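Morning, everyone. I have one structure to walk through today. Have a look at it, and then I'll start.

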Amino acid sequence: MKKTRICQLLGIEYPIIQGGMTLIANAELAAAVSNAGGMGIINPSAGEPAVPKIPDNLRNQIRKAKSLTDKPFGVNFSIQLIGEDRTLIDIAIEEGVGVVTVGAGSPALHTKYFKEHGVKVLHVVASVRHAKRAEAEGVDAVIAEGYEAGGLNSPDELTTFVLVPQVVDAVSIPVVAAGGIGDARGFAAALALGAEGVQMGTRFIATIECIANQSYKDAIVEATDTATVIMGRRLIPTRSLKNELTKQVLEKESAGASPQDLLSVLAPGLTEAALLRGDMTHGQALCGAVAGMIKEIVSAGDVVKSLVQGYDKIVAGLK
Ligand SMILES: Cc1cc2nc3c(=O)[nH]c(=O)nc-3n(C[C@H](O)[C@H](O)[C@H](O)COP(=O)(O)O)c2cc1C
């Protein structure tokens, strides 16, 4: 397949980025994606349970990824979590990380700092307005994420299919499509919409290298088309697998619960309970709607390979 501006920007073979997922985007996963020609991304909170401190953990994860690949990989930062604090950012810079994906907050906070240190910035957006804002702040590319996506979602609830072309028309920097992409068909469709790359989260959870709990990976493989739901619309919208927790929260929401009431159900640690300990009943099992298409746990390298090989066949079949 032809190289896009995302390939050139990131120095990668194929424009396929692995989402920097909280708790589970570990060094082994990131290195496997990068070794296959894509772009692996580490999340500072993912890795060895034996290293409880996030700054130490991030440094260890970066060093481990470096020992597993000589290809580029990046780190994800959630503005909602780090705010103005640059401790983790400085660790990534010290360790020579050249690419970051940044989400859940304003691009005004750290973009200039990253650029001063020669780091490429891809900012996650979910509307045209936010994409234009990110471009004006000097980011290198935007990741346009539709509300099919697993994890945190935008209250605007635009689908990938309508969001991506509108963002492509509105900015001149490259656009990466995210949300609902799980195989070569989604990859080809995203490029047809004008994106120059894709970011996938959910598909990379069901891989051998991801440190997610086995029960959580199995639940993704067993999921059907209607297995996920958005909850927390009056708080922070998130897409997860339906279970007792989502049922309780949605019942409270339809009864008009206040954000405070909802917080009483959404105790801290529920995401960790699902993602790392496999509590699929009461934990918050963040997951994209694409789960219904994922039928087996494979290596992360095979995910990348099947997208690239399938893409060529799909494009040839369209001629
Ligand atoms: C379990 C989970 C955790 C996530 N955590 C983060 C995160 O910490 N930071 C981030 O930028 N995106 C996060 N995401 C979003 C992904 O990076 C990616 O954009 C999204 O999963 C794409 O949609 P998909 O799930 O349909 O592939 C998360 C997604 C999932 C499924």
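Val100 stands opposite Val121 in strand β5. On another strand, Val75 also faces Val100. This is a predicted model, by the way. So what joins these strands? β4 and β5 pair in the parallel sense, over four bridges. β3 and β4 run parallel as well, again with four bridges.

Stay on β4. How many of its residues are buried? Five of five, and β4 is mostly covered. Both faces are covered. Val99, Thr101 and Gly103 are buried on one side. Val100 and Val102 are buried on the other.

Now the whole sheet. It is open, with eight strands and parallel pairing. The order is β1-β9-β8-β6-β5-β4-β3-β2. Which strands stand at the edges? They are β1, residues 16-18, and β2, residues 40-42. Each has a single partner strand, so one side of each is left without a neighbour in the sheet. Neighbouring strands are turned by 30° against each other on average, ignoring direction.

One more pair from this sheet. β8, residues 175-178, runs parallel to β9, and three bridges join them. Ala177 has Val198 in β9 as its bridge partner. Helix α8, residues 160-170, packs on the sheet. It touches β5, β6 and β8. The direction of α8 makes about 175° with that of β8.

Next, the ligand. How many residues surround it? The count is 28. The closest are Gly19, Gly150, Gly151, Gly201 and Gly288. Four elements give two or more residues to this shell: β3 (73-78), β4 (99-103), β9 (197-200) and α10 (202-205). By class, the shell has nine nonpolar, 16 polar and three charged residues.

On to another sheet. This open one has three strands, in the order β7-β11-β10, and the pairing is antiparallel. The edge strands are β7 (151-152) and β10 (228-231), and each pairs on one side only. Two bridges join β7 to β11, residues 238-241. Leu152 has Thr238 in β11 as its bridge partner. Helix α12, residues 244-254, packs on this sheet and touches β10 and β11. Its direction makes about 45° with that of β10.

Now a helix pair. α2 covers residues 27-35, and α3 covers residues 54-68. They pack at an angle of about 35°, with their axes 9 Å apart. Is the crossing left-handed or right-handed? The crossing of α2 and α3 is right-handed. From α2, the contact uses Ala27, Glu28, Ala30 and Ala31. From α3, it uses Gln61, Lys64, Ala65 and Leu68. These contact residues divide into five nonpolar, one polar and two charged.

Two backbone points next. Most residues other than glycine have a negative phi. Leu23 is not a glycine, yet its phi is positive, about 70°. Leu23 sits in the loop between β1 and α2. It counts as partly exposed because it has 18 C-beta neighbours inside 10 Å. Ala104 also has a positive phi, near 55°. Ala104 is in the loop between β4 and α6. With 16 other C-beta atoms within 10 Å, Ala104 is partly exposed.

Last, two single residues. Where is Ala206? It lies in the loop between α10 and α11. Is Ala206 buried or exposed? It counts as buried, because it has 25 C-beta neighbours inside 10 Å, and the cut-off for buried is 20 or more. Leaving out residues up to four places away in sequence, Ala206 touches Lys217, Ile220, Val221, Ile294 and Ile297. Ala206 and Gln284 are 78 residues apart along the chain, and their C-alpha atoms are separated by 17 Å.

Then Lys313, in helix α15, residues 300-317. Lys313 has 11 C-beta neighbours inside 10 Å, so it counts as exposed. The cut-off for exposed is 12 or fewer. Lys313 and Ala184 are 129 residues apart in sequence. In space, C-alpha to C-alpha, they are 9.1 Å apart.

That's my tour. Questions, please.

Note on methods. Residues numbered from 1 in each chain as written. Predicted model: local features only at pLDDT ≥ 70, side-chain atom pairs only at ≥ 80, totals over all residues. Near = placed C-beta within 6 Å. Nonpolar A, V, L, I, M, F, W, Y, C, P; charged D, E, K, R; others polar. Pairing = 2+ DSSP bridges. Contact = placed C-beta atoms within 7 Å. Axes fitted to C-alpha atoms, helices over the stretch in contact; angles between N-to-C directions. Left-handed = near helix turned anticlockwise from the far one by under 90°.
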